[in-house]
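This report describes a protein fold, beginning with its sheet and ending with its surface.

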Amino acid sequence: PEGIALRLLPPMIYGKAYPYGVPYSGVGDPAAVQALTPEQIKAFHDKWLRPEDARIFVVGDTSMAQILPLLEKSFGNWSVSGAAPAKNFDAPIPPQQGRVVVIDRPNAPQSLILAAQVLPQVGSDDLNALLQANDILGGTEILSRLDHDMRETRHWAYDVQSVLMRPKYRIPFLLYAPVQTDETGPAISGMIGDMKTFLDDKGVTQAEFDRTIEGAIRVLPAEFATGDGVLAGMMHNSLWNRPDDYYNTLADRYRALTPAELDAAARKSIDPSKLTWLVVGDRSKIDAQLKALGMPIEYAGGKSQ
């Protein structure tokens, strides 16, 4: 169900004109893949993989004097012809609106819920306050509001998470919740209620703030304990146009935040009324529950209701 949902969700929230409106799976359409020729693949490679756009990152027990000859040997003659192409990140994104989209999967043992909204921010924005607020709302910890309610209080799900994906341009807010079939509609209603409460009068508590900020600071050394971790940090700095010493100052940036800043960041960005709720489940068992939510319902491959 995750693969099915991730193929269909991006075009729903970004539209087909925006470069991110393609399946997250990246596997494309079977008929298109089958029809590809070696010439087409080479032409695509020459068009999009270009030396003027390339950045090479190296981490290890080495130096520029040692690595540069090797790079020159492998990439020194890399050249392409023609002007570099560009993707249109100014393309319009459809209005974000509350709705339910159902993918019928007969006899599914549970319902997979993915909710999403394209936010106004881009990946290079300062998102520290929003990221920490999201950790409290629905991050990967069991103490997050959404996970604790759906798992510990209601016992409808084993794992509920909200995630801020961070591409270079417009970023999406995603919510992931596999739930028991007979509570699919109530689970959506409950999560909407949890978000509204968090964004309204019961925002970040001091205990939640202290736990989350302290955890974010303490995990920093472990993130750079391996070469892969250092490499990821370098690449993130490059992707999001950050200075090389960004991580040296990150702990102080965290300490400078306040609960009010986290609340403000979440309230500015996340809007439960604009979420697209994509549900993969047995339609015969969940249809009435979803209709009771009072939101527009669409059926993948079928008509809207």
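Two strands are taken to pair if DSSP finds at least two bridges between them. Helices (H or I, at least four residues) and strands (E, at least two) are DSSP runs, numbered from the N terminus. The model is predicted: local features need pLDDT of at least 70, side-chain atom pairs count only at pLDDT 80 or more, and totals for chains, interfaces and linings use all residues. Residues are numbered from 1 along each chain as its sequence is written, and side-chain values use heavy atoms, with hydrogens and water left out.

**Overall.** The protein has 13 helices and six strands. Its C-alpha atoms fill a box of roughly 65 × 55 × 35 Å, taken along the principal axes. Buried residues, those under 20% relative accessible area (exposed is over 50%, partly exposed in between; 1.4 Å probe, protein chains only), make up 40% of the 305 residues.

**The sheet.** Six strands form an open sheet in the order E3-E4-E2-E5-E1-E6, with mixed pairing. Strands E3 (161-164) and E6 stand at the edges, each with a single partner strand, so one side of each has no neighbour in the sheet. On average, neighbouring strands are turned by 20° against each other, direction ignored; the axes behind this angle are lines fitted to C-alpha atoms. Strands of a sheet pair through backbone hydrogen bonds, either parallel or antiparallel.

| Strand pair | Bridges | Direction |
|---|---|---|
| E1 and E5 (residues 276-281) | six | parallel |
| E1 and E6 (residues 297-299) | three | parallel |
| E3 and E4 (residues 170-180) | four | antiparallel |

Strand E1 (residues 99-104) has five of its six residues buried, so it is largely enclosed by the rest of the structure. Within E1, Ile103 has Val280 of E5 as its bridge partner, while Val102 stands opposite Tyr299 in E6. At the E3 edge, Val163 is bridged to Leu174 of E4.

**Helix H7.** The expected span of a helix is 1.5 Å times one less than its number of residues. For the 16 residues of H7 (residues 184-199) this gives 22 Å, and the end C-alpha atoms are 23 Å apart, which agrees. Buried residues of H7 include Ile188, Met191, Ile192, Met195 and Phe198.

**A surface patch.** Leu49, Ile56, Val58, Phe75 and Trp78 form a nonpolar patch with about 440 Å² of accessible area together. Such a patch joins nonpolar side chains (Val, Leu, Ile, Met, Phe, Trp, Tyr) within 5 Å, from residues with over 30% relative accessible area and no salt bridge, a salt bridge being a side-chain nitrogen of Lys or Arg within 4 Å of a carboxyl oxygen of Asp or Glu. Areas come from the Shrake-Rupley method with a 1.4 Å probe. Phe75 lies in helix H4 (residues 64-75) and is partly exposed, with a relative accessible area of 41%.

Terms used. Axes are lines fitted to C-alpha atoms, for helices over the stretch in contact, and angles run from 0 to 180 degrees between N-to-C directions. Patches are made of residues with over 30% relative accessible area and no salt bridge: like charges are joined within 9 Å, nonpolar side chains (Val, Leu, Ile, Met, Phe, Trp, Tyr) within 5 Å.
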